[in-house]
Amino acid sequence: MCSGLECACGVSRRRLIGVAGAAGAAALGAAACGSQESGPKPYDAVRGTVVAKTGEVPVGGGKVVIDGKLVVTQPQEGDFQAFSAVCTHAGCTIQEVERNIHCLCHGSEFDIATGDVLHGPANEPLEQLSVTVKGEDIVLDEKSPQGGR
Ligand code: FES
């Protein structure tokens, strides 16, 4: 939870506003500081549902899906991947995907194809999820990949 000028995880309110705009800062702020506790994960609530449309996910990039805290990427045309958006460094919610997946809290970057760390301080990959494409719909599978993280 964020209050005052900084979240408990170290994200400044100004940084959040810069990312989300003033109107979305409160909502993003509440979502920005995640938890790494065990138990149900945010994405469990959206398993079996459409989490994005194929046209929303650029080739060579991706999209942050706030509802469920996940990231959907398309590293190669027609190859859709999904990862938990909870940063493995300190639990912030990933805020940005360009060529890489970016956590703006402390600057970690992850590979859009594998979730592997490209730039620290994170030293663990993002949790990989699996999706199925049905027409234009990208559906988060009921189960994570075998041997998934
Ligand atoms: S929480 Fe520190 S880089 Fe993501």
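Biologist: Where in the chain is Glu98 placed?

Modeller: In this predicted model, Glu98 sits in the loop between β7 (96-97) and β8 (101-102).

Biologist: Is Glu98 buried or exposed?

Modeller: One counts the C-beta atoms of other residues around a position, and a count of 12 or fewer within 10 Å marks a residue as exposed. Glu98 has 12 C-beta neighbours inside 10 Å, so Glu98 counts as exposed. In addition, the C-alpha atoms of Glu98 and Ile112 lie 8.8 Å apart in space, although 14 residues separate the two in sequence.

Biologist: How do the strands β7 and β8 on either side of that loop pair?

Modeller: They pair in the antiparallel sense over two bridges, and Glu96 stands opposite His102 in β8. Both strands belong to an open sheet of four strands, in the order β7-β8-β9-β10 with antiparallel pairing. Here β7 and β10 are the edge strands, since each pairs on one side only.

Biologist: Which order do the strands of the three-stranded open sheet have?

Modeller: The order is β3-β13-β12, again with antiparallel pairing. Its edge strands are β3 and β12 (131-134), each of which pairs on one side only. Neighbouring strands of this sheet are turned by 30 degrees against each other on average, direction ignored. Between β12 and β13 there are four bridges in the antiparallel sense, and Val133 stands opposite Ile138 in β13.

Biologist: What is special about the phi angle of Lys69?

Modeller: The general idea comes beforehand: most residues other than glycine have a negative phi, and most peptide bonds are trans. Lys69 is not a glycine, yet its phi is positive, about 50 degrees. Lys69 lies in the loop between β4 (61-65) and β5 (70-76). With 19 other C-beta atoms within 10 Å, Lys69 is partly exposed; the cut-off for a buried residue is 20 or more.

Biologist: What do β4 and β5 form around that loop?

Modeller: They form a hairpin with four residues between them, and Gly68 in the turn has a positive phi of about 110 degrees. The two strands pair in the antiparallel sense over five bridges. Val65 has Leu70 in β5 as its bridge partner.

Biologist: Which strand joins β5 through a further five bridges?

Modeller: That strand is β6 (residues 79-84), which runs antiparallel to β5. These two strands also make a hairpin, with two residues between them, and Gly78 in the turn has a positive phi of about 85 degrees. Within the pair, the bridge partner of Thr73 is Gln81 in β6.

Biologist: Why is β5 described as largely enclosed by the rest of the structure?

Modeller: The reason is burial: five of the seven residues of β5 are buried, so β5 is largely enclosed by the rest of the structure.

Biologist: Which residues have the most contacts inside the largest nonpolar core?

Modeller: As a general idea, nonpolar side chains tend to be buried together in soluble globular proteins. In this model the largest nonpolar core has 26 residues, and those with the most contacts inside it are Leu70, Val71 and Val72. At least two residues of this core come from each of β3 (50-53), β5, β6 and β13 (137-140). The largest share, three residues, is supplied by β5. Leaving aside residues up to four places away in sequence, Val71 touches Gly62, Val64, Ala82, Phe83, Ala85, Ile94, Val97 and Ile101.

Biologist: Where is the cis peptide bond?

Modeller: A cis peptide bond joins Gly120 and Pro121, with omega about 20 degrees. Pro121 is found in the loop between β10 (117-119) and β11 (128-129).

Biologist: How many helices and strands does the protein chain have?

Modeller: The protein chain has one helix and 13 strands. Along the sequence, two strands precede the helix in the pattern β-β-α-β-β-β-β-β-β-β-β-β-β-β. Buried residues account for 31% of the 149 residues.

Biologist: Which elements have the lowest and the highest mean pLDDT?

Modeller: The general rule is that where pLDDT is low, the predicted coordinates should not be read in detail. The mean for the protein chain is 80, and 72% of its residues reach 70 or more. Among its elements, strand β1 (residues 2-3) has the lowest mean, 40, and strand β9 (residues 109-110) the highest, 98. Over residues 1-36 the pLDDT is below 50, and this stretch has 59 contacts in the model beyond near neighbours in sequence.

Note on methods:
Residues numbered from 1 in each chain as written. Pairing = 2+ DSSP bridges. Core = buried A, V, L, I, M, F, W, Y, C linked by C-beta atoms within 7 Å. Contact = placed C-beta atoms within 7 Å. pLDDT = per-residue confidence, 0-100. Axes fitted to C-alpha atoms, helices over the stretch in contact; angles between N-to-C directions.
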